[in-house]
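Colleague: Please take a close look at the aromatic side chains in the entry below. I should then like to see how their surroundings relate to the rest of the fold.

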Amino acid sequence: MTLPKAGLDVLTRRRRFDIIAGRIHPEYDKQRHGGGRTMREPQTTAAHKKMNVQDHINEIGNKQGAHILYMFDDEERYMEHTVNYVTEGMLKREKIIIVESRSFLEKVKEKLLEKGMPEKKLKTITYVENDDLYSSDTDFNASKSYENLLKLLEPNFMDNVTTRIWGQVLVQGNAISELRKYECACDELLGEKHVISVCSYNALTCSSFIQNEMLKVHEYFMTDEQIVKSPFYNEDYLLEFAESDKKKLKKIEHDYNKIKERNTKLLLEQHQLQIAKMNAEKANRTKSIFLSQMSHDLRTPLNSISGFTQILLDDEQMSEKSLSMLNRINNSSNHLLELIKEILDFSAIEAGNIRLNIKPLPVKKVLEECISSISFEELPHVDIEVEPMEEDLYIQADHRRIKQVINNLLTNALKYNTKNGTIRIYTSKGQNRLKLNVEDTGIGLPEQEIDMLFRAFYRSKRNMQQWKGSGLGLAIVSKLTKEMDGLYGAYNNEEKGATFWVSFKKIEKEQISLFEDTEKRK
């Protein structure tokens with residue numbers, strides 16, 4: 001039985017030990033419950049300072065039985081204390097009972113043999129699996145666990161010998177009322193008999209709520225470093241709860257279990273999300289590598305086809321039919337080369353393998369360069385209108401990549417426009433930003449698809465068969481725009497068609513020289 005890590009961090013545990021050791025607790029000298037014993041700050045004598053944990057346990061055990069709560073967080077120290085505790089008991093001819101896992105017992109025996117303990121002595125250790133002692137068929141049961149403990153101790157009571165018990169209580173879904181009931185019964189029993197019992201709890205997996213309750217029903221509190229009297233121990237806590245207190249405790253248990261279940265569920269969901277994210281990133285990297293390699297492998301033979309086709313087209317002896325067929329081959333191979341170029345470009349952008357030279361660029365000049373490079377052969381009946389704009393409009397972007405972004409928007413507007421349609425290009429100013437708008441009079445955008453348009457390989461279902469392309473044009477626009485610290489979007493016009501836009505940081509003309517000086521100093 002184990003509990004997901006929900007304990008205290010190191011700082012909190014240290015603060016708790018400071019409180020328990022009497023260093024900062026403000027309530028030690030106050031009366032508890034109006035008539036309980038006064039809990040005063042433990043006095044640490046010079047003799048105690050020199051004593052180690054085992055010496056202190058021996059001193060306690062020489063006077064009476066002892067019920068010790070051990071909250072450990074260091075596995076090595078836990079093992080060390082176990083071995084020393086068992087060794088002391090064997091040297092004093094005391095009965096030893098270990099309630100732990102089988103693997104832990106074997107490690108203890110190995111350590112004892114290393115210390116020179118005879119193997120014959122090791123056979124006298126009584127061992128019980130902690131799952132068997134501290135659990136029932138369903139969950140932790142106080143009565144069942146107490147009966148199991150009595151069966152272990154009764155032979156030693158009859159022989160009137162001192163018994164040392166070392167056991168780790170495994171906390172899982174245990175109801176605190178059952179756990180508390182068991183520890184109260186143990187405390188009462190051990191107070192009457194000569195038994196030293198160390199009840200160990202892993203502080204890293206035991207909730208602070210359970211730790212606080214256990215401090216109330218154990219007279220001594222032990223950590224990996226030392227042992228002190230528990231300042232919260234009070235005989236009043238060992239009495240049976242009133243009905244009203246039982247109801248309160250039940251509610252606390254219920255709330256605690258609900259929170260624990262919710263936390264476990266959240267941890268599981270978070271783990272699943274992390275795995276899904278890792279798998280998605282791995283698949284994305286694999287896809288990019290595949291696309292890159294495939295595109296390179298395709299481009300080589302296509303370049304050969306295109307090259308030889310050009311040579312044949314220059315042959316004046318070719319018939320018209322042959323020339324027509326060669327033109328179709330040439331156009332198709334060029335189209336494939338363009339698609340491959342887009343795929344390679346997209347893979348490089350997605351992998352972050354592009355270098356940007358961000359600087360002030362004149363908007364009007366960039367737009368003129370883009371418009372002059374667009375081919376109107378496929379759709380000659382579309383007009384492009386550029387709204388008047390100021391000469392000194394500048395944006396901060398990479399020259400090559402901003403042209404690629406605008407070209408892709410213009411190509412998209414040409415493809416999805418109507419015959420005798422219009423493309424209108426205009427700018428609009430915002431605070432510290434300049435928006436470039438490309439408006440068309442085409443078929444418009446399905447409202448439910450607007451958010452998906454900038455995804456890789458996405459093409460609108462209603463015109464998928466009509467237009468050629470890879471479905472990467474707008475995806476490249478989105479990625480390059482983000483790389484240049486820009487924004488992008490699209491919306492339907494009031495009358496017909498759609499508008500696609502990108503915006504970038506605006507640079508005033510007087511800031512250009514300052515920008516250039518800064519770049520030179522770099």
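Modeller: F454 is a suitable starting point; with a relative accessible area of 12% this residue is buried, a term that here means under 20%, against over 50% for exposed and values in between for partly exposed (1.4 Å probe, protein chains only). Y488 has 27% relative accessibility and is therefore classed as partly exposed. The model is predicted, so local features require pLDDT of at least 70 and side-chain atom pairs pLDDT 80 or more, whereas totals for chains, interfaces and linings use all residues. Residues are numbered from 1 along each chain as its sequence is written, and side-chain values rest on heavy atoms, with hydrogens and water left out.

Across the whole structure, a search returns 9 aromatic pairs. F72 and Y78 form a stacked pair, because their ring centres are 4.1 Å apart and their planes meet at 25 degrees. The rings considered are those of Phe, Tyr and Trp (its six-membered ring), with centres within 6.5 Å; planes under 30 degrees apart are called stacked, over 60 edge-to-face, and the rest tilted. F72 is buried at 1% relative accessibility, and Y78 is likewise buried, at 1%. In the tilted pair of F454 and Y488, the centres are 4.7 Å apart and the planes lie at 55 degrees. This pair joins distant parts of the chain, since F454 belongs to the loop between β12 and α15 while Y488, 34 residues apart, is in strand β13 (residues 487–492). Helices (H or I, at least four residues) and strands (E, at least two) are DSSP runs numbered from the N terminus.

F72 and Y78 also take part in a wider cluster, in which ring pairs connect them with Y70, Y85, F104 and W166. Y85 has a further partner: the charged end of R164 sits over its ring, 4.8 Å from the centre. A charge is counted in this way if NZ of Lys or CZ of Arg is within 6 Å of the ring centre and within 35 degrees of the ring normal. R164 is also among the contacts of G89, which, apart from neighbours within four places in sequence, touches E94, I96 and R164; contact means heavy atoms within 4.5 Å. G89 lies in helix α4 (residues 75–91) and is buried, at 0% relative accessibility. Its C-alpha is 9.9 Å from that of I196, a residue 107 places away in sequence.

Another charge over a ring is found at Y426, where R424 lies over the face at 4.1 Å from the ring centre.

The nonpolar interior can now be described. A nonpolar core is a set of buried Ala, Val, Leu, Ile, Met, Phe, Trp, Tyr and Cys residues joined through side-chain atoms within 4.5 Å. The largest such core comprises 45 residues, and V363, I395, I402, I406, L410, I423 and F500 have the most contacts inside it. Elements that each supply at least two of its residues include α12 (320–350), α13 (363–373), β11 (422–430) and β14 (498–507). The greatest contribution, 7 residues, comes from α14. Domain 2 (262–351) and domain 3 (358–520) each provide at least three residues of this core; the bounds come from an automatic or database domain assignment. Beyond residues up to four places away in sequence, V363 touches M389, L393, Y394, I395, T427, L434 and L436. A second core, separate and made up of 33 residues, includes L152, I165, L215 and F232.

Two loop residues other than glycine have an unusual backbone sign, given that most residues other than glycine have a negative phi. N420, in the loop between α14 and β11, has a positive phi of about 60 degrees and is exposed at 60% relative accessible area. N432 is in the loop between β11 and β12; its phi is positive, near 65 degrees, and its relative accessible area of 53% makes this residue exposed as well.

For the chain as a whole, there are 16 helices and 14 strands, and buried residues account for 43% of the 522 residues. Of the contacts between residues at least 6 apart in sequence, 75% join residues at least 24 apart.
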